[in-house]
Amino acid sequence: MAAPPQDLRDVLEEALGRFAVPELTRSVQSIIAQYREGFDRAAPVLGSETAVAAYAAYRMPATYAAVRTALNHVAALAPGFAPETHVDVGGGTGSAVWAASDVWPTLRQVSVLEQSPSAIGFGKRLAKRSPTAAVREARWQQVVIDRAVPKPPADLVTMSYALGELSPAAQEDVVRSLAKDARVLVIVEPGTPAGHARIIAARDLLIELGAHVVAPCPHDRECSIRGAQDWCHFSVRLNRGALHRQIKDGTLSFEDEKFSYIAVSAERWPRAESRVLRHPQKRKGLVMLRLCTDEGQVADLTVSKRQGETYRAAREVAWGDEWLPREQDGRATTDATR
Ligand SMILES: C[S@@+](CC[C@H](N)C(=O)[O-])C[C@H]1O[C@@H](n2cnc3c(N)ncnc32)[C@H](O)[C@@H]1O
């Protein structure tokens with residue numbers, strides 16, 4: 001669970017209080033239509049105060065949760081990584097800044113690069129109310145990223161839900177530029193086939209540039225999950241607040257945010273042995289896991305109750321977690337599916 005912390009939910013609710021619900025609802029519908037039907041890069045989606053508030057109301061908790069989950073995976077694998085500097089590119093209203101400072105209290109100096117003055121204004125107002133000094137004192141810079149990202153060297157560089165907003169021709173150069181002078185780089189995209197395709201392209205390029213994959217992949221070979229049938233993504237569940245339900249016309253009290261990501265490092269950290277790629281399937285006395293393995297394969301593993309501790313671990317593990325095979329007693333069957 002990586003729900004936004006109470007402090008972020010409180011400041012968000014307060015900041016949204018001055019907007020009328022019907023106005024936010026209309027704006028949410030317009031943003032959804034623009035993302036679905038394509039938008040004009042010369043006219044940013046978050047171009048007005050209301051559009052930014054609508055985005056913050058219906059997307060910020062979910063993008064926070066996705067980034068937080070990805071960063072949690074990195075922190076689990078790189079316990080010695082204690083970043084002090086962070087640059088967030090295409091930062092919007094600051095989800096990644098809040099998420100990173102929750103994962104790494106060592107952060108001291110944070111910069112956000114963003115094109116929309118309205119998003120910067122809203123994000124800054126939220127950040128000023130953060131209990132964390134690094135978030136409160138973050139530097140927000142209005143920058144339209146073209147090909148090169150004018151960022152200082154940083155221990156941590158993030159770009160969440162923004163790569164896909166750049167022209168396809170600019171994306172490769174931007175990824176190169178993000179990797180430059182970054183100890184750890186994390187790129188998060190929507191968990192769709194198109195989002196994953198951008199993550200794979202970034203991953204291929206970053207490996208070619210000499211970066212080491214930290215997460216989610218337990219290997220740095222070619223990704224075997226390619227094509228329209230399947231795509232590597234993860235899911236995080238979060239509660240929807242009352243305002244969210246109103247403006248999105250939603251009735252469910254929760255949502256599942258699907259995301260794809262890649263985290264690379266200039267240093268080599270021990271990687272996961274394998275990672276769970278789907279919700280584990282539980283049957284009487286059996287747990288079926290779909291895994292990405294350290295050999296770069298997708299494999300199905302069936303763990304039976306007779307396997308004691310391994311079975312108990314399999315019952316606990318969730319989509320996106322590392323899977324650490326504890327015993328090899330021959331009763332688990334691993335079938336490479338690719
Ligand atoms: C979908 S929002 C994501 C915001 C935030 N990173 C998050 O995860 O919630 C995409 C953000 O990227 C920004 N963006 C898109 N193209 C940009 C560009 N060329 N230069 C700077 N910012 C850009 C948008 O203004 C918007 O704030």
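## A guided tour, starting at K151

Select K151 to begin: with a relative accessibility of 14%, this lysine counts as buried, because the cut-off for buried is under 20%. Look along the backbone around it and you will find that K151 belongs to the loop between strand 3 (139-142) and strand 4. As you explore, keep in mind that this is a predicted model. Now add A318 to the selection. K151 and A318 are 167 residues apart in sequence, and their C-alpha atoms are 36 Å apart in space.

**Stop 1: the ligand**

Next, select the ligand and show the residues around it. There are 18 of them, and those that come nearest are Y55, T63, E114, I145 and S160. Colour this shell by class and you should see 9 nonpolar, 7 polar and 2 charged residues.

Which side chains have an N or O atom facing an oxygen atom of the ligand at a short listed distance? Try Y55, where the distance between an N or O atom of the side chain and a ligand oxygen is 2.7 Å. Then click on Q115, whose side chain has an N or O atom 3.2 Å from an oxygen atom of the ligand. Finish with S95, where the corresponding distance is 3.3 Å. Now switch on the protein surface: of the 590 Å² of accessible area that the ligand has on its own, the protein covers 95%.

**Stop 2: aromatic rings**

Hide the ligand for a moment and show the aromatic side chains. How many aromatic pairs does a search of the whole structure find? The count is 4. Zoom in on F81 and W104: their ring centres are 5.3 Å apart and their planes meet at 80°, so this pair is edge-to-face. The two residues come from distant parts of the chain, 23 residues apart. F81 is in the loop between helix 4 (60-77) and strand 1 (85-89), while W104 is in the loop between helix 5 (95-103) and strand 2 (109-114).

Are these two partners buried or exposed? F81 has a relative accessible area of 2%, so it is buried. W104 is buried as well, with a relative accessible area of 5%.

Before leaving the rings, select F234, F259 and Y261 together, since these residues form one aromatic cluster.

**Stop 3: Y161 and its neighbour R59**

Now centre the view on Y161. You will find Y161 in the loop between strand 4 (154-160) and helix 8 (168-179). Show R59 too: its charged end sits over the ring of Y161, 5.4 Å from the ring centre. The backbone of Y161 deserves a look as well, with a positive phi of about 55° although this residue is not a glycine. Y161 counts as buried, at 12% relative accessibility.

**Stop 4: two more backbone details**

Move along to D181, in the loop between helix 8 and strand 5 (182-190). D181 also has a positive phi of about 55°, although it is not a glycine. Is D181 buried, exposed or something in between? Its relative accessible area is 47%, so it is partly exposed.

Then select A215 and P216 and display the backbone atoms. The peptide bond from A215 to P216 is cis, with omega near 0°. P216 lies in the loop between strand 6 (212-215) and strand 7 (234-239).

**Stop 5: three buried residues and their distances**

For the last stretch, turn on your viewer's distance tool. Start with L8 in helix 1 (residues 6-16). L8 is buried, with a relative accessible area of 1%. Pick P131 as the second point: L8 and P131 are 123 residues apart along the chain, and 9.3 Å separates their C-alpha atoms.

Go on to I120, which you will find in helix 6 (residues 117-127). I120 is buried, at 8% relative accessible area. Between the C-alpha atoms of I120 and L166, 46 residues apart along the chain, the separation is 18 Å.

End at Q307, in the loop between strand 12 (298-304) and helix 11 (309-316). Q307 is buried, with a relative accessible area of 2%. From Q307, stretch the distance tool to A70: the two residues are 237 apart in sequence, and from C-alpha to C-alpha they are 30 Å apart in space.

Note on methods: Residues numbered from 1 in each chain as written. Predicted model: local features only at pLDDT ≥ 70, side-chain atom pairs only at ≥ 80, totals over all residues. Heavy atoms only, no water. Near = heavy atom within 4 Å. Polar contact = N/O pair within 3.5 Å; in protein donor to acceptor, adjacent residues only side chain to side chain. Areas by Shrake-Rupley, 256 points an atom, 1.4 Å probe, with all protein chains shown as cover. Nonpolar A, V, L, I, M, F, W, Y, C, P; charged D, E, K, R; others polar. Phe/Tyr/Trp six-rings, centres within 6.5 Å; stacked < 30°, edge-to-face > 60°. Helix = DSSP H or I, 4+ residues; strand = E, 2+ residues; numbered from the N terminus. Buried < 20%, exposed > 50% of the residue type's maximum accessible area, 1.4 Å probe, protein only. Lys NZ or Arg CZ within 6 Å of the ring centre and 35° of its normal.
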